[in-house]
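Trainee: Could you take me through one part of this model closely? I would like to follow a single strand and see what lies around it.

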Amino acid sequence: MIGELVERGIKAGSKYGVSEIEVYAVRRVDTDIVGTVRGIERISSGQRVSVGVRVVVGKKVTVQGGFISKVDDVDSIVETAVKVARTLPEDPQWVSLPRKLGKTHVEGVLDPRVRNPEIEYFLEVAKQLLGRARELDRRAFTSTVSMGMSTIERAIGNNYGEAHLDESTEFDVFINVKAVEGGEESGYYYSYVAPTLHRFDPEQLVARATEVAVKTLGARRIETGNYELILIPRVFAGVIQSLIVPAISADSVQKGRSPLKGRVGSQVLSERVTVVDDGTYPGLTGTKSFDDEGVPTRRKVVFGKGVLEGFLYDSYTASIDGKESTGNAFRQAPFAPPSPWVTNIIVEPGSGELSDIVRDVKRGVVIYSTIGEWLSNPVSGLLNATVTNAIYVENGEEKFPVRGVVISGNIYELLRQPGLTFSGTVESFGRFMLPAVYIPRVTLAGK
Amino acid sequence: MVTPDLAHQVLEEVLRRGAESAVVRLQERIYESIVYDTGVLRSYSVSRVIGLGVRASVGGGVGYAYSTSLDRESIVRAVEQAISIARVAGKYGKKVFAPVKPVKDSYRVEVKVDPFSVEPKAKVDLVKDVNTNSLRREGIVSAVTRMGLERDRRIIVTSEGSEIEVDVAGVGVAHMAVARYGATIERVGDRESYIGGYEYIERKDWNTFAEEIDRLALKAVQAKTPPPGTYVAVVDNEVVGLLLHEAFGHASEGDGVVAGASILKGRVGEKVASELITIVDAGLVEGGYPVPYDDEGVPKKKTVIVEKGVLRGYLTSRDSAHELGMEPTGNARAQDITFDILVRQTNYYAEPGDWKVEELFDGISFGIYLRGRGAMGGQVNPSVGTYTFSIGPSYIIRNGEPSELVRGVVVSGNILETLREVDAVARDLKITTSVFGGCGKGGQTVRVGDGGPHLRTRKIVVGGG
């Protein structure tokens, strides 16, 4: 069905005499379950069909679209887009829509159990997650569980070639475990986000959430000062997402909004840091056979042993720099304009277990969760994150839980420190696969 | 295409197929966005949301299903799905909705100039002019200017006999400037939105609006970050709005309270803030986003959450109201028809006090004046009350006066502590909304309004570079 929408849109474009046209159609089927202490709260399901068209008249470009309530909506979207495009100023930097569309072979992105969910199976899992925390520790209980099963079919084509189609699934589970004891409360969110159920272990999920919620009961602020810091993989991912990801998008670089502008080829981070963007890696949610412009995805090193090797491009930003698209076009919605963004981020691990790293800490904090890290400033590289779950460590021993302190510093200085270390094991979730990180000296604002 | 008649037909269908009660929601929303980025038209995009959602109750079980396709087959599929989900859900728990009186009403925001009939060129020219003028200012290396135009029409019919139609239009302009000074770069952004038509865009001098942002960015890039630590703070209207919405508002949402995920659970009647603090949530208020009825068709009146420091109640949907033994407050909202409702704030703010703004600074030998312009937003963990906000360039207070500007200001704390420490509230109430964003929860974004008067708190943790 969505393939037909693409063909129909391209045909309509030629009827209206456009210079170029691209049509992107997505059909999503979602089923969501939400449970709380009261039991299963909400189940919802539905399908949405969206179409986005990019119409080019000369060098005048517009993107329009939305949800489709009937097939011939596509014709009217194209018609309106053409009318608008003709009135717009030219974009002097416009070269063309991508001329070489294609697909990369990818694996681990489709799970029939997610595609055709047996609702009662997932309800049983939700029930298990809701009841299990209390069984594991009488101080703990699961306050919310949310679960989503999605199937995403995509089709894209433009006037230069035939349409490509692909299909993937996504399974998300978020659990919030609270712990209460003697007037003290704590809570911990944990999640599983992947295209398939292959690595899903509900028992491990709830056990982990319960463990952290309970061990961070009675948390307090510590004195303002410098500490050694260990960020578990999820916290590290949040920091990368907020500060590094926007800075490696060619769009930010070209617009003067990245501190990495003009630094390709230079040693930006510690030699121990290698960061790869890979839209083909099996089993991550950013894994797709083509990007949101129909360009095949691929693997590329962004930081190789700390040296900045290059930026992420879509076709528009690539042509400005005289390069090829890196297969990183991303749209926030099928009907939003594309811009360069990460597919999956993979950080190479170091060696040794996290517990070994903790054992060597003199005076530091292991951070299990933060809030507000997304409010950090990618233009300056300034990190700010408020700690919600953490443990203070002295001479390798866990002493007491910490919360409410603010981590601050410049990310490029933090990740360049001598002694920066990664754990040897990695965790995969969503678009990330990465280790825990040890940073020797970080300022925490507390008491 | 989206009409009350269609909603009634769907309602009839769902009841005929076995639902004992139901809510049908129809929606059509159009959003136009024009973005100029550093001298180039980055995008002119128009998007439309259309579709229907059905909530069916069968034997105490509840199911929600939706479709963006409105052909007969898709409608029937959605109806059947809602019923079949409700049947399964019934095995896992029953849900009771607090009773409401049926209402028939329609609410329409007055639009003098329809934003979607204004020539695209006129809109593009305005955004271009503001953006290119900004780039002429020395030190501004990059600027993004955007215009957002929106119309959102919702129809809600219920098996209890309610029929509500709400039609809201909003317009706004946002501007973000990046300034460079030596090797330092800093960004400052702000936005201004109005509920109504394009006449509000025509009335305002947007070049002056952008120039003020540029000037602040140019000053901020030369500013230092504040020394991290605990401060006495004077908080402006915008930051008060952010603080109350994030730090207190989310904790007062009834679904979280019922789930045991709120620090305010079981505290009605307790003192939770300074007695100078009164907090309300109102559907219709000047400067805010109009929510006369929620997405269950319940009227949104003014709800008092905190009265002189004492917690009086929570925000509720029909089911959370039943659980809490309260009246539904009209706070069941959904981003669009592809989502079932959650309990959300509408326009959440603090009532004004009687201090003059300048009096708040008296006697502060060293503190901080927290400013909202350029704020990025915030986040809270409502189960423990920890919050964090990235706010705009602010001023260090020395000897009772705002002195040097500081940038990169992030504040954090515990909601109850911060509000207990308030010792003065000014008389200048200001509430704003935005067509560029809103409040996020459970993967949904809804438009909200927030604000309040200036106030002073004795203790707030400030992080910084």
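Mentor: Happily; here is a walk along one strand of chain A and out into its surroundings.

A word on the ground rules: this is a predicted model, where local features need pLDDT of at least 70, side-chain atom pairs count only at pLDDT 80 or more, and totals for chains, interfaces and linings use all residues. Residues are numbered from 1 along each chain as its sequence is written, while chains are lettered from A and ligands numbered from 1 in the order in which they are written.

Our strand is E2(A), residues 39-57; helices (H or I, at least four residues) and strands (E, at least two) are DSSP runs, numbered from the N terminus. Because 18 of the 19 residues of E2(A) are buried, this strand is largely enclosed by the rest of the structure. Here a residue is buried if 20 or more other C-beta atoms lie within 10 Å of its own, exposed if 12 or fewer, and partly exposed in between, with C-beta atoms placed from the backbone.

Now for its partners; two strands pair if DSSP finds at least two bridges between them. E1(A) and E2(A) run antiparallel and are joined by 17 bridges. A hairpin through two residues links E1(A) to E2(A), and A:Thr36 stands opposite A:Gly39. With E3(A), the pairing of E2(A) is again antiparallel, over eight bridges, and A:Val53 has A:Gln64 as its bridge partner. E2(A) and E3(A) also form a hairpin with two residues between them, and A:Gly58 in that turn has a positive phi of about 65 degrees.

E2(A) also pairs across the chain boundary: four bridges join E2(A) to strand E3 (residues 61-67) of chain B, and these two run parallel. A:Ser44 stands opposite B:Tyr64, and A:Gly46 has B:Tyr66 as its bridge partner. As for the wider interface, 70 residues of chain B are in contact with 66 residues of chain A, contact being C-beta atoms, placed from the backbone, that lie within 7 Å. On the chain B side, strand E2 (residues 40-58) of chain B gives the largest share, eleven residues. By class, that side has 31 nonpolar, 30 polar and nine charged residues; Ala, Val, Leu, Ile, Met, Phe, Trp, Tyr, Cys and Pro count as nonpolar, Asp, Glu, Lys and Arg as charged, and the others, Gly among them, as polar.

Within chain A, an automatic or database domain assignment gives domain 1 (2-213) and domain 2 (219-447). Their centres, taken over C-alpha atoms, are 23 Å apart, and 39 residues of domain 1 are in contact with 31 residues of domain 2. E2(A) is among the elements that give two or more residues to the domain 1 side, as are E1(A) and E3(A), though E6(A) gives the most, with seven residues. The residues on that side divide into 18 nonpolar, 17 polar and four charged.

Finally, the largest nonpolar core has 288 residues, of which A:Val365, A:Ile367, B:Val54 and B:Ala82 touch the most other members. Such a core is a set of buried Ala, Val, Leu, Ile, Met, Phe, Trp, Tyr and Cys residues joined through C-beta atoms within 7 Å. Leaving aside neighbours within four places in sequence, B:Val54 is in contact with residues including B:Val10, B:Ala65 and B:Ala82.

Notes
Contact = placed C-beta atoms within 7 Å.
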